Amino acid sequence: MAIVFQEKTKVFHLYNEKISYVMTVLPEGSIGNLYYGRRLNDNEYLLNLYQSRRRDMSACSFDDDIFTLDDMKQEYPQYGHGDLRNPAYKIEQDNGSTICEFVYDHHEIIQGKPPLENLPGCYVEKIAEAETLIITLKDSLIEMEMKLFYTIYRDYPIITRHCEFYTAGKEVVLERALSMCLDLPDSNYQMITFTGAWARERAVTRRDLQIGVQSIYSLRGNGSSAQMNPFFMLARKNTTEQAGEAIGFSFVYSGNFLGQAEVDNYHVTRVLMGIHPECFSWHLAQNDHFVTPEVILTYSDEGFNGLSIPLHKLLRTRLARGYWRDRERPVLINNWEATYFDFDEEKIINLAAKAKSIGIELFVLDDGWFGERNSDKSSLGDWYVNTSKLPGGITGLAEKIEGLGMKFGIWIEPESINADSDLYRSHSQWVLQVPGRRMSPSRNQFILDFSNDEVVDYLAERIDSLLATAKISYVKWDMNRSLSEAFSLAASADKQQMVMHKYILNLYRLYEYLTSRHPEVLFESCSSGGARFDCGMLYYAPQTWASDDTDAWQRCQIQYGTSYGYPISMIGSHVSASPNHQLGRNTPLTTRANVAYFGTFGYEMDITECTEEELDEMKKQIEFMKENRRLIQQGDFYRLVSPFETNNNAWMVVNENKSKAIAGFYQCLNTINQGYYYLKLQGLDPDQLYQVDDKRYYGDVLMNVGICVDERKINGDFYSKIYLIEAV
Ligand code: GLA
């Protein structure tokens with residue numbers, strides 16, 4: 001790995017064994033992109049990649065009539081000097097102008113990776129793991145500096161990027177401050193996005209790039225959203241799971257975002273990603289600064305699996321942090337689908353005792369334990385125990401559960417408030433609202449003004465003392481509505497457009513406070529299922545509830561889609577009842593577990609109602625998961641057969657030395673008198689002999705011919721099978 005600056009040609013070359021990223025200082029002083037892709041040798045001729053051509057009718061930077069920004073591939077462009085595409089930033093100055101002239105001033109190359117101020121980001125453990133280039137550009141008229149950050153990792157085909165703005169003597173307003181721009185030389189790409197809605201998150205959407213703008217975004221304020229995930233890829237038309245070029249863009253942020261690909265009339269593709277400029281404008285005083293969130297760029301010329309495997313590894317080990325980062329995740333039971341709001345202490349203890357008897361390690365008490373919360377109409381905000389439900393309080397219940405030999409966890413939704421709550425009655429000014437205008441409830445609740453430090457300080461104290469007084473080992477942090485009327489009674493008129501980003505900064509501050517005060521508590525993030533499944537959350541909470549939809553077949557799709565951008569160890573996945581509560585569909589218990597294994601694994605159903613036979617099966621499932629969870633949660637995950645394209649789903653995990661693998665095969669509906677079906681595996685050692693069921697095969701056979709899946713015809717709809725593949 002190296003970052004090289006060629007003084008003579010003003011070329012920057014960032015490279016490691018897999019990738020190269022080449023830039024240069026353009027004639028007018030901004031930074032241009034020369035190349036991003038598979039590794040190139042470093043040499044003095046890289047500047048020959050620079051191209052400029054006379055464009056009739058374009059505004060030129062000089063009298064020579066040749067250099068125009070109109071078709072330049074740029075690193076962080078603006079609008080106003082001849083580039084007519086969408087810009088990366090916009091700065092309003094005191095004379096009303098938004099036109100800047102940032103020119104290259106100097107750069108630094110440092111070992112390691114500096115953290116982002118008050119924002120989540122990837123990190124290194126040893127400085128030798130990465131190198132960082134910081135390019136400083138200056139606009140002397142407005143006395144501002146812009147710093148472009150690029151970190152290249154030694155062991156991953158990954159570059160992280162963000163930008164920082166610094167003022168000196170003048171105030172300005174940032175109207176747009178995206179995290180990165182990447183201009184690619186052609187447009188022969190498809191855009192692959194992960195779209196959906198509540199309970200059907202992250203479905204794979206693949207479309208050809210067209211001239212014009214194609215984008216994904218969230219304007220939900222406090223959530224990256226179930227509708228469009230802040231991870232997308234550009235890939236060549238022929239890219240498959242195993243082969244072909246793809247570039248991944250992961251935004252390390254949990255609020256409003258924009259990710260877009262714009263194809264211009266010269267077929268250059270401009271990719272932009274960052275905080276959505278709508279509802280954003282940031283006042284910078286004199287000697288002030290602004291830091292954009294980070295974007296992770298992952299390059300693969302080995303298909304989508306070649307992209308997601310190193311990305312998973314980086315996110316799992318250099319974005320996730322803390323005590324639980326490398327630990328096997330506990331098998332849990334959550335009482336939500338078992339009881340909803342209808343529980344008392346006896347019911348909970350019975351459920352926990354049964355769970356303990358089959359080997360479950362952690363009991364999670366979901367919504368309904370606080371205030372007067374017997375439905376979703378009241379009490380959010382009142383983080384005090386409901387003693388009519390739990391006479392011994394959370395402390396007493398936690399002790400009883402611990403007494404059974406299990407760990408205990410709770411659900412919270414700190415950002416929300418019901419009008420019917422003590423907190424609302426005493427502090428209604430803490431709720432986001434526009435004076436004189438109606439408020440829009442959602443799930444009977446409103447949103448606390450997290451842009452107001454006072455509100456967040458109150459919650460920090462409240463939740464901290466809850467975690468300090470009871471033996472709580474796990475917290476499910478939920479958030480069940482989007483922002484509306486996002487106006488802060490605590491902010492002045494000129495600062496209202498800062499409210500949404502400030503909300504996210506304070507959300508991160510609260511997470512940072514609580515996770516550092518309670519380092520051994522396992523935090524699972526959640527937002528009406530998977531509406532805040534993003535890299536920002538992963539920095540604080542190593543796992544995220546993937547979806548409120550727990551149907552086994554739907555989960556094949558949700559988990560398959562999610563795995564393109566996120567590691568398996570992050571995917572909260574539970575076995576639930578049949579018929580399923582969301583779809584009413586019946587699926588075999590075996591299949592429900594076979595799907596949930598490929599995640600964090602747990603149960604979310606009333607197991608006190610289960611037969612002895614079912615409990616026996618669950619016991620075996622739990623033993624299987626305990627035995628294999630390290631491999632599943634930390635191995636290399638390969639998608640094999642897409643449930644979006646076929647009647648089947650298949651995926652597998654392989655350990656580091658390729659001596660053990662686990663594959664899951666799943667069928668949706670049964671068909672009659674079908675042909676032989678061969679499941680081709682990936683990631684094995686071709687020269688290694690493996691045992692699969694009662695047969696032996698070499699790795700090359702398993703990968704090129706496959707396992708013949710031959711039991712489907714008798715087992716019907718939603719059949720599934722787990723294959724253990726062990727080196728002999
Ligand atoms: C959200 C979560 C669920 C559950 C309920 C409780 O919908 O996604 O898992 O916790 O809230 O109200």
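The conversation below walks through the ligand site, the pockets, a cavity and a few local features of this predicted model.

Biologist: Let's start with the ligand. Which residues come nearest to the ligand?

Modeller: There are 13 residues around the ligand, and D366, D367, K476, G529 and D548 come nearest. By class, this shell has four nonpolar, three polar and six charged residues.

Biologist: What makes the approach of D366 to the ligand a polar contact?

Modeller: A polar contact needs a pair of N or O atoms within 3.5 Å. In the side chain of D366, an N or O atom is 2.6 Å from an oxygen atom of the ligand, so the pair meets that cut-off.

Biologist: How do you know that K476 and N480 make polar contacts too?

Modeller: The test is again a pair of N or O atoms within 3.5 Å. For K476, a polar side-chain atom lies 2.7 Å from a ligand oxygen. For N480, an N or O atom of the side chain is 3.3 Å from an oxygen of the ligand. Both values fall within the limit, so both count as polar contacts.

Biologist: How much of the ligand does the protein bury?

Modeller: Taken alone, the ligand exposes 310 Å², and the protein buries 96% of that.

Biologist: Now the pockets. What is the volume of the largest pocket, and which residues lie nearest its centre?

Modeller: Its volume is about 610 Å³. The lining has 23 residues, with K18, P157, E302, G306 and P310 nearest the centre. Two or more lining residues come from each of β20 (294-300), α1 (303-318) and β32 (636-641). Helix α1 gives the most, with five residues.

Biologist: Why is K18 called charged, and how does the whole lining of the largest pocket divide by class?

Modeller: Lys belongs to the charged class, so K18 is called charged. Overall, that lining has eight nonpolar, six polar and nine charged residues.

Biologist: And what lines the second largest pocket?

Modeller: That pocket has a volume of about 420 Å³ and is lined by 22 residues, among them E117, N118, L119, L505 and N506, which lie nearest its centre. Here α7 (499-517) is one of the elements supplying at least two residues, and α7 gives the most, with seven. The lining divides into 10 nonpolar, five polar and seven charged residues.

Biologist: What makes a space a cavity and not a pocket?

Modeller: In a cavity, a 1.4 Å probe fits but cannot get out, whereas a pocket is an open set. The search finds seven cavities of 30 Å³ or more. About 60 Å³ of space lies in the largest cavity, and its lining includes K113, F149, Y150, H162 and E294. Strands β8 and β9 (158-167) each supply at least two of the lining residues. By class, the lining of the largest cavity has five nonpolar, four polar and three charged residues.

Biologist: Y150 caught my eye. Why is the pair of Y21 and Y150 called tilted?

Modeller: Ring centres must lie within 6.5 Å to pair; planes under 30 degrees apart count as stacked, over 60 as edge-to-face and the rest as tilted. Y21 and Y150 are 5.7 Å apart, centre to centre, with 50° between the planes, so they pair and the pair is tilted. Y21 lies in strand β3 (residues 19-25) and Y150 in strand β8 (residues 144-153), so the pair ties together parts that are 129 residues apart in sequence. The structure holds 49 aromatic pairs.

Biologist: What makes the peptide bond from S578 to P579 cis?

Modeller: Its omega is near 0°. P579 is found in the loop between β30 (574-576) and α10 (589-596).

Biologist: Last one: what is the phi of E143, and where does E143 sit?

Modeller: E143 has a positive phi of about 55° although it is not a glycine. You can find E143 in the loop between β7 (130-139) and β8.

Terms used
Residues numbered from 1 in each chain as written. Predicted model: local features only at pLDDT ≥ 70, side-chain atom pairs only at ≥ 80, totals over all residues. Heavy atoms only, no water. Near = heavy atom within 4 Å. Polar contact = N/O pair within 3.5 Å; in protein donor to acceptor, adjacent residues only side chain to side chain. Areas by Shrake-Rupley, 256 points an atom, 1.4 Å probe, with all protein chains shown as cover. 1 Å grid on protein atoms, 1.4 Å probe; cavity = no way out; pocket = protein on both sides within 12 Å on 5 of 7 lines; lining within 4 Å. Points joined across faces, edges and corners; volume = space filled by probe spheres on them. Helix = DSSP H or I, 4+ residues; strand = E, 2+ residues; numbered from the N terminus. Phe/Tyr/Trp six-rings, centres within 6.5 Å; stacked < 30°, edge-to-face > 60°.
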